[in-house]
Amino acid sequence: MDRLMSLLLTGLICLVALGQFVQVITRYLLEIPVLGLEESLLYPTMWLYMAGAVNASRENSHIRANVLEIFLKTPKQVAVLALIGEALSLVIGCWLTYWAWDFTKYSMRVWRESPTLYIPTFYVDVALITGLVLMMVFTAIQLGRHIYQVATGNYPPSATHTTDSQQEELA
């Protein structure tokens, strides 16, 4: 799975970068704009964005501002806070996924096309629901891990906020 995501993300980012490079060269240096290049770049750009978000959910590597953790003293408090945060993320994410599903149904019904190349935009729109569903799967997995940690008291070492001297005392 790691290798597949890495290849997918690398391929998409290279495609987007190459398209932007061609756009800059042709438009500003050669003064010959390539008709439809911007709208064709919408497809890999949207899929790159959503694949990156799915990958961050899979790796549990989203950027977080864990300000409340500074005030928590025990690993259990940190684990409970993580559980609450993950549960809220799942509820809000499911709500957004519901909206994305409505948008996907609308997109399928209307079947819009891009203005220049007449490419169906449904294939861009479906990236949103695909990404959100996958993110909710990984969020549910993380929530399950947090529930297990709180229920069993088996907290990861990163959930503790002990100093080096406190860790030596514990060992």
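**Exercise 1.** In which helix do Trp 95 and Trp 99 both lie, and how many residues apart are they? Classify the geometry of their rings as well.

*Solution.* The model is a predicted one. Step one is to place the residues: Trp 95 and Trp 99 both belong to helix 3, which covers residues 75-110, and they are 4 residues apart, or about one turn of the helix. Step two concerns the wider setting, in which a search of the whole structure finds 5 aromatic pairs. Trp 95 and Trp 99 form an aromatic pair with a centre-to-centre distance of 4.8 Å and an angle of 55° between the planes. Since planes under 30 degrees apart count as stacked and those over 60 as edge-to-face, the pair of Trp 95 and Trp 99 is classed as tilted. Step three turns to accessibility: Trp 95 has a relative accessible area of 48% and is therefore partly exposed, and Trp 99, with a relative accessible area of 48%, is partly exposed too.

**Exercise 2.** Describe the aromatic pair formed by Trp 111 and Tyr 123, and state where its members lie.

*Solution.* The centres of the two rings, Trp 111 and Tyr 123, are 5.9 Å apart and their planes make an angle of 85°, which is an edge-to-face arrangement. This pair links distant parts of the chain, with Trp 111 in the loop between helix 3 and helix 4 (122-152), Tyr 123 in helix 4, and their positions 12 residues apart. Trp 111 counts as partly exposed because its relative accessibility is 34%, and Tyr 123 is likewise partly exposed, at 43%. Together with Phe 122, Trp 111 and Tyr 123 make up one aromatic cluster.

**Exercise 3.** Determine how helix 1 packs against helix 2.

*Solution.* Helix 1 (residues 2-29) and helix 2 (residues 37-59) pack with their axes 9 Å apart, at an angle of about 150°. Because angles over 145 degrees count as roughly antiparallel, helix 1 is roughly antiparallel to helix 2. The crossing of helix 1 past helix 2 is left-handed. In the contact of these two helices, the residues comprise 15 nonpolar, 6 polar and 4 charged ones.

**Exercise 4.** Compare the annotated transmembrane regions with the secondary structure of the model.

*Solution.* According to the unreviewed UniProt entry, the annotation "transmembrane region" covers residues 40-57, 78-101 and 121-141. Over residues 40-57 the model is 100% helix and 0% strand, with the end C-alpha atoms 27 Å apart. Residues 78-101 are also 100% helix and 0% strand, and the end C-alpha atoms of this span lie 34 Å apart.

How values were computed: Residues numbered from 1 in each chain as written. Predicted model: local features only at pLDDT ≥ 70, side-chain atom pairs only at ≥ 80, totals over all residues. Heavy atoms only, no water. UniProt positions renumbered as here; feature names shortened; annotations may be inferred. Helix = DSSP H or I, 4+ residues; strand = E, 2+ residues; numbered from the N terminus. Phe/Tyr/Trp six-rings, centres within 6.5 Å; stacked < 30°, edge-to-face > 60°. Buried < 20%, exposed > 50% of the residue type's maximum accessible area, 1.4 Å probe, protein only. Axes fitted to C-alpha atoms, helices over the stretch in contact; angles between N-to-C directions. Parallel < 35°, antiparallel > 145°, perpendicular 65-115°, else oblique. Left-handed = near helix turned anticlockwise from the far one by under 90°. Nonpolar A, V, L, I, M, F, W, Y, C, P; charged D, E, K, R; others polar.
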